[in-house]
Amino acid sequence: MSQENKDYAIQVNDLGLTIKKDTILSDVNIKLEQGKIHGLVGRNGSGKTMLMKCICGFVKPTSGDIYVDEKKIGKDVDFPQNVGIIIETPGFIPYYSGYRNLKILANLRKKIGKEEILETMKKVGLEGAENKLVRKYSLGMRQRLGLAQAMMEKPDIYILDEPMNGLDNEGVEDMRGILKELRKEGKTILLVSHNNEDIQTLCDEIYDINHGKVTKRDKVES
């Protein structure tokens, strides 16, 4: 990437995705600046999840380029390395504890140990539930565990699909506080939420997606 693009954590250029002759994404161009929260808003079936999967390297686009942390997805790297991800409902092994699930994931890259995992579980509000089986977790607790797995290795970029799903009012406020804290730390967040208040409260920039086309709002409404 050229020098002028180094302020962007994620850059999507002329992205298109066609599956079985159906156009899922069309001419998507977005530039997500570092250290900001970027909202992605659209109805079910609008292409939000597919766009996130393309950015994460899970789905190969039909056309266009994606850069994450200055690396081209599918060329420089298959999957971005410095990204915490929640896409769709986080999947965990139900008969293992929350801590054991995170420990299994942490062992894949061996970047963190027990102390960092427990610290992250405390940060997301799961202190005291470390040894509880995930099958006994509420939906809100599973969402918190999903955020913990995204956060625990302290990535610089987050891609979060409906992280407030299943949370009560207190949980939503906790989650908003965590996301604001991550922004203060200079992290970049791509946030999908069906809740307009989440988007308006948290986001520095908002992108609307409709029938696979993305447009940037002129400004965030106050």
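**Exercises on a predicted model**

**Exercise 1.** Decide whether Val172 is buried or exposed.

Solution. The structure is a predicted model. Start from the relative accessible area of Val172, which is 13%. Residues under 20% count as buried, and those over 50% as exposed. Val172 is therefore buried.

**Exercise 2.** Find the element that holds Val172, then name its contacts beyond its neighbours within four places in sequence.

Solution. First, locate the residue: Val172 belongs to helix α5, which covers residues 169-184. Next, set aside the neighbours within four places in sequence; Val172 is then in contact with Met164, Leu167 and Asp198. Finally, take Asp198 from that list. In sequence, Val172 and Asp198 are separated by 26 residues, while their C-alpha atoms are 8.8 Å apart in space.

**Exercise 3.** Work out how compact the protein is for its length.

Solution. Begin with the elements: the protein contains 6 helices and 10 strands. Its radius of gyration is 17 Å, and the globule rule gives 17 Å for 222 residues, so the protein is as compact as a globular protein of that length. The C-alpha trace spans about 45 × 40 × 35 Å along the principal axes. As for burial, 47% of the 222 residues count as buried. Turn last to contacts between residues at least 6 apart in sequence: 64% of them join residues at least 24 apart.

**Exercise 4.** Describe the exposed area and the charged side chains of the protein.

Solution. The protein exposes about 11800 Å², of which carbon and sulfur atoms supply 44%. Its side chains include 35 positive and 34 negative ones. The centres of these two sets are 5 Å apart.

How values were computed: Residues are numbered from 1 along each chain as its sequence is written. This is a predicted model: local features need pLDDT of at least 70, side-chain atom pairs count only at pLDDT 80 or more; totals for chains, interfaces and linings use all residues. Side-chain values use heavy atoms; hydrogens and water are left out. Helices (H or I, at least four residues) and strands (E, at least two) are DSSP runs, numbered from the N terminus. The radius of gyration is taken over C-alpha atoms; the globule rule is 2.2 Å times the number of residues to the power 0.38. Buried means under 20% relative accessible area, exposed over 50%, partly exposed in between (1.4 Å probe, protein chains only). Contact means heavy atoms within 4.5 Å. Accessible areas come from the Shrake-Rupley method with a 1.4 Å probe; for residues, only the protein chains shown count as cover. Lys and Arg count as positive and Asp and Glu as negative; His and the chain ends are not counted. The place of a charge is taken as NZ of Lys, CZ of Arg, CG of Asp or CD of Glu.
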